[in-house]
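Biologist: I'm still new to reading structures, and I'd love a close look at one part of this one. Could you walk me through it step by step?

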Amino acid sequence: MDIKRLKATFKNIFKADPILVKSPGRINIIGEHTDYNDGFVMPAAINKAIYVAVSKRDDNEIHLYSESYQQFHTCSITNILKSEKGWANYVLGVADQLQKRGYHFSGFNLYLDGNVPLGAGLSSSAALECATAFAIDHLNNLGIAKMDLALIAQKAEHVFAGVNCGVMDQFASVFGKKDQAVLLDCRSMQYQYIPLKLDGYKLVLFNTNVKHSLSDSAYNERRFQCEQGVAWVKEYFPDVNSLRDVDLIMLDEVVKPKDTEVYQKCRYVVEEIERVGKAAEKLKSGDLTALGQLMFATHKGLSQAYEVSCNELDFLVDFVKNVDGVLGARMMGGGFGGCTINIVKDEKIADLIEKITLSYHKEFNLNLDSYVVETDNGSELVL
Ligand code: GAF
């Protein structure tokens with residue numbers, strides 16, 4: 001990202017000097033659809049980020065400009081309402097949440113740019129929310145703890161974007177660390193960094209370039225199905241509060257006879273929570289082959305049981321399954337499009353990209369984008 005150009009463009013538009021905040025997108029090694037079930041996730045921040053340049057205003061107005069959409073949005077800080085411009089809602093939602101929590105801050109100008117591919121499941125929206133929260137906090141000396149910034153950003157997504165997401169994406173964008181994955185317990189919010197030692201291998205993302213329209217509604221529906229399963233189990237096991245507390249025997253006894261669909265969904269989540277624990281051990285001990293197998297197992301669960309995959313994602317995972325030098329692959333994020341994440345041997349990457357791109361185009365008449373990603377630090381001020 002050209003920082004000089006970014007600051008100059010801001011100055012040109014808003015006639016002021018900004019602070020600049022960078023918040024990264026994220027990958028997730030494993031632990032999908034577990035965060036809103038009080039389970040574990042293992043994301044990492046990546047070297048693709050959203051940048052916001054922000055300055056205070058001395059009136060009570062919020063003035064926003066998005067470089068990608070080439071659009072302005074303006075509103076009063078005393079009446080923050082949802083906008084028809086989707087991108088603006090991620091900023092406004094955060095400002096709204098800060099106000100609801102009693103924080104006082106001035107009007108502001110915000111210029112937004114970045115290199116996280118939009119709609120690719122790399123959490124560009126969470127990155128924008130986190131960057132906004134970080135910038136308002138910093139400009140106004142609000143002293144908000146990092147964990148609260150992530151939680152405020154998550155709540156903004158619920159209220160202004162209408163997606164009842166878990167906390168993984170915002171957490172990763174704030175707490176990511178270069179060369180580390182983060183193992184997060186989404187119940188206690190305790191976390192530990194695990195060195196991402198990939199000696200001789202790299203993480204490669206394949207972007208399907210599709211985002212099927214049911215992604216948001218299906219996400220909320222899955223969340224509801226998980227809650228339904230928990231409610232049924234709770235009738236017999238009152239100490240159960242989430243799928244984190246549920247085991248397969250409980251599911252077999254209580255949920256299976258009631259509804260096979262809900263059973264399948266809950267079963268996937270219970271198994272995936274267990275898989276994350278195993279995956280963390282494998283990563284710590286450097287057993288990338290075993291980690292890769294767990295990733296394939298996650299994909300199978302997401303595709304066949306949780307039913308959040310799509311033909312394009314399944315095609316990409318099937319394609320690499322028997323390719324020499326690929327240890328693991330799976331769809332990543334909410335589903336219905338976006339990217340797959342793959343662990344690929346260095347010297348095999350170029351050849352794989354060439355072949356899979358050709359085949360994907362032949363099959364779907366769509367371009368495939370590939371990113372060899374590096375991990376990076378979470379939200380920070382850029383000087
Ligand atoms: C999306 C959500 F935003 C996350 O909270 C998480 O649930 C993920 O889908 C699925 O693991 O990225």
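Which residue in strand 8 is the bridge partner of leucine 183?

Modeller: Happy to! Keep in mind that this is a predicted model. The partner of leucine 183 in strand 8 is glutamine 192. Now let's step back to the strands around that pair. Strand 7, residues 180-185, and strand 8 run antiparallel and are joined by five bridges. They belong to an open sheet of three strands, whose order is 2-7-8 and whose pairing is antiparallel. At the edges lie strand 2 (40-41) and strand 8 (191-195), each of which pairs on one side only.

A helix sits against this sheet too. Helix 5, residues 168-175, packs on the sheet and touches strand 2, strand 7 and strand 8. The direction of helix 5 makes about 135 degrees with that of strand 7.

The start of helix 5 also leads us to the ligand. Among the residues surrounding the ligand are Met168 and Asp169, along with Cys165 and Gly166. Others come from elsewhere in the sequence, including Glu32, His33, Asp35 and Tyr36, as well as Gly333 and Gly334. Sorted by class, this shell has three nonpolar, four polar and three charged residues.

For contrast, let's visit the other sheet. This one is open as well, with four strands in the order 10-11-9-12 and antiparallel pairing. Strand 10 (326-331) and strand 12 (369-373) are the edge strands, each pairing on one side only. If direction is ignored, neighbouring strands here are turned by 20 degrees against each other on average. Five bridges link strand 10 and strand 11 (residues 337-345) in the antiparallel sense. You can pick out one matched pair: valine 326 has valine 344 in strand 11 as its bridge partner.

Two helices pack on this four-stranded sheet. Helix 9, residues 288-305, touches strand 9 (201-211), strand 10 and strand 11, and its direction makes about 25 degrees with that of strand 10. Helix 10, residues 311-321, touches strand 9, strand 10 and strand 11 too, but its direction makes about 170 degrees with that of strand 10.

Last, try following a single helix from end to end. Helix 8 spans residues 260-284, and its 25 residues reach 36 Å from the first C-alpha to the last, close to the 36 Å expected. After helix 8 comes glycine 286, with a positive phi near 75 degrees.

Methods
Residues numbered from 1 in each chain as written. Predicted model: local features only at pLDDT ≥ 70, side-chain atom pairs only at ≥ 80, totals over all residues. Pairing = 2+ DSSP bridges. Contact = placed C-beta atoms within 7 Å. Axes fitted to C-alpha atoms, helices over the stretch in contact; angles between N-to-C directions. Expected span 1.5 Å × (residues − 1). Near = placed C-beta within 6 Å. Nonpolar A, V, L, I, M, F, W, Y, C, P; charged D, E, K, R; others polar.
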